Amino acid sequence: YLAKPIPKFYYDKIKVAGSLETEVDNFWNNTLPHYFTQDKLYGIEQEQRPLQGVVKQRADFTIRYVRNGDWKKVVLLEDKKGGHETQPSKWSEALEQLTNYLKLVRAEQAGNETLCGAVTIGTYVRFYHLTPGEQTMQDYPSPVTGKAYELKSDEENVHEILNELVSKTSS
């Protein structure tokens, strides 16, 4: 994905000291459509930034897949601005938000499907899944399960995981 000029542009914007969460959102907004394409019956929704002090009600990105005429939410992403990549409390906070969103999706869809999610802080992303009947997220099985992948130095692994998510959620 970083071989493409637009995702690369936004990756570089995230790396600028003091960059905002919006830059992380812009990166995913321009990267996810290369994987979760309309030709494969995916739609990508981005939550609008709430006003300062207003509590967010949804994940930053929701990926839907059309299955038998029904739009199912299959992957959610929660983003945070850079500068906090080494703070376990920020990862825990974002994971808790993502878990709460996925539980709401599970209740709303009344399905028994595994839901996938990711947390991004700056240029690092970590992948998770919520299996049927579970209330806590588990690390998504990947080349280095539980790792926070850096978008550039671990690009091959992130690319592989994104392709795998497309494969798993479309079957």
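This is a short talk about salt bridges, a helix pair and two leucines in one protein structure, and I should say at the outset that the model is a predicted one.

Let me begin with the charged pairs. A search over the whole structure turns up five salt bridges, and I will go through some of them, starting with Lys73 and Glu108, whose side chains meet with a nitrogen-to-oxygen distance of 3.1 Å. Lys73 belongs to strand β3, which covers residues 70-80, while Glu108 belongs to helix α3, residues 88-109, so this salt bridge ties together parts that lie 35 residues apart in sequence. The two partners also differ in their surroundings, since Lys73 has a relative accessible area of 10% and is buried, whereas Glu108, at 53%, counts as exposed; the cut-off for exposed is over 50%, which is worth keeping in mind when reading that label.

The next salt bridge joins Asp154 and Lys147, and here the closest N and O atoms are again given as 3.1 Å apart. On the acidic side, Asp154 is buried, with a relative accessible area of 12%, and on the basic side, Lys147 is partly exposed at 30%.

A further salt bridge, between Glu164 and Lys168, has its closest N and O atoms 3.7 Å apart. Both residues sit in helix α4, residues 155-169, and because they are four residues apart, about one helical turn separates them. Glu164 is partly exposed, with a relative accessible area of 27%, and Lys168 is partly exposed as well, with a value of 47%.

Let me turn to the helix pair. How are helix α1 and helix α2 arranged as they pack? Helix α1, residues 5-15, and helix α2, residues 21-31, have axes 8 Å apart and make an angle of about 165°; angles over 145 degrees count as roughly antiparallel, and therefore that is how α1 and α2 run relative to each other. The crossing of α1 past α2 is left-handed. As for the residues that meet, α1 contributes Ile6, Pro7, Tyr10, Tyr11, Lys13 and Ile14, and α2 contributes Glu23, Val24, Asn26, Phe27, Asn30 and Thr31. Sorted by class, this contact consists of seven nonpolar, three polar and two charged residues.

Now to the backbone, and to Leu41. Most residues other than glycine have a negative phi. Leu41 is not a glycine, and yet its phi is positive, at about 70°. Its place is in the loop between α2 and β1, the latter being residues 42-46, and with a relative accessibility of 45%, Leu41 counts as partly exposed.

The other leucine is Leu115, which lies in strand β4, residues 115-121. Is Leu115 buried or exposed? At 2% relative accessibility, Leu115 counts as buried. Leaving aside residues up to four places away in sequence, Leu115 touches Lys73, Val74, Leu102, Val105, Arg106, Gln109, Tyr128, His129 and Leu130. That list brings us back to Lys73, which Leu115 touches and which is the partner of Glu108 in the salt bridge I began with. Finally, measuring from C-alpha to C-alpha in the model, Leu115 and Thr131 are 6.5 Å apart in space, although 16 residues separate them in sequence.

Conventions:
Residues numbered from 1 in each chain as written. Predicted model: local features only at pLDDT ≥ 70, side-chain atom pairs only at ≥ 80, totals over all residues. Heavy atoms only, no water. Salt bridge = Lys/Arg side-chain N within 4 Å of Asp/Glu carboxyl O. Helix = DSSP H or I, 4+ residues; strand = E, 2+ residues; numbered from the N terminus. Buried < 20%, exposed > 50% of the residue type's maximum accessible area, 1.4 Å probe, protein only. Axes fitted to C-alpha atoms, helices over the stretch in contact; angles between N-to-C directions. Parallel < 35°, antiparallel > 145°, perpendicular 65-115°, else oblique. Left-handed = near helix turned anticlockwise from the far one by under 90°. Contact = heavy atoms within 4.5 Å. Nonpolar A, V, L, I, M, F, W, Y, C, P; charged D, E, K, R; others polar.
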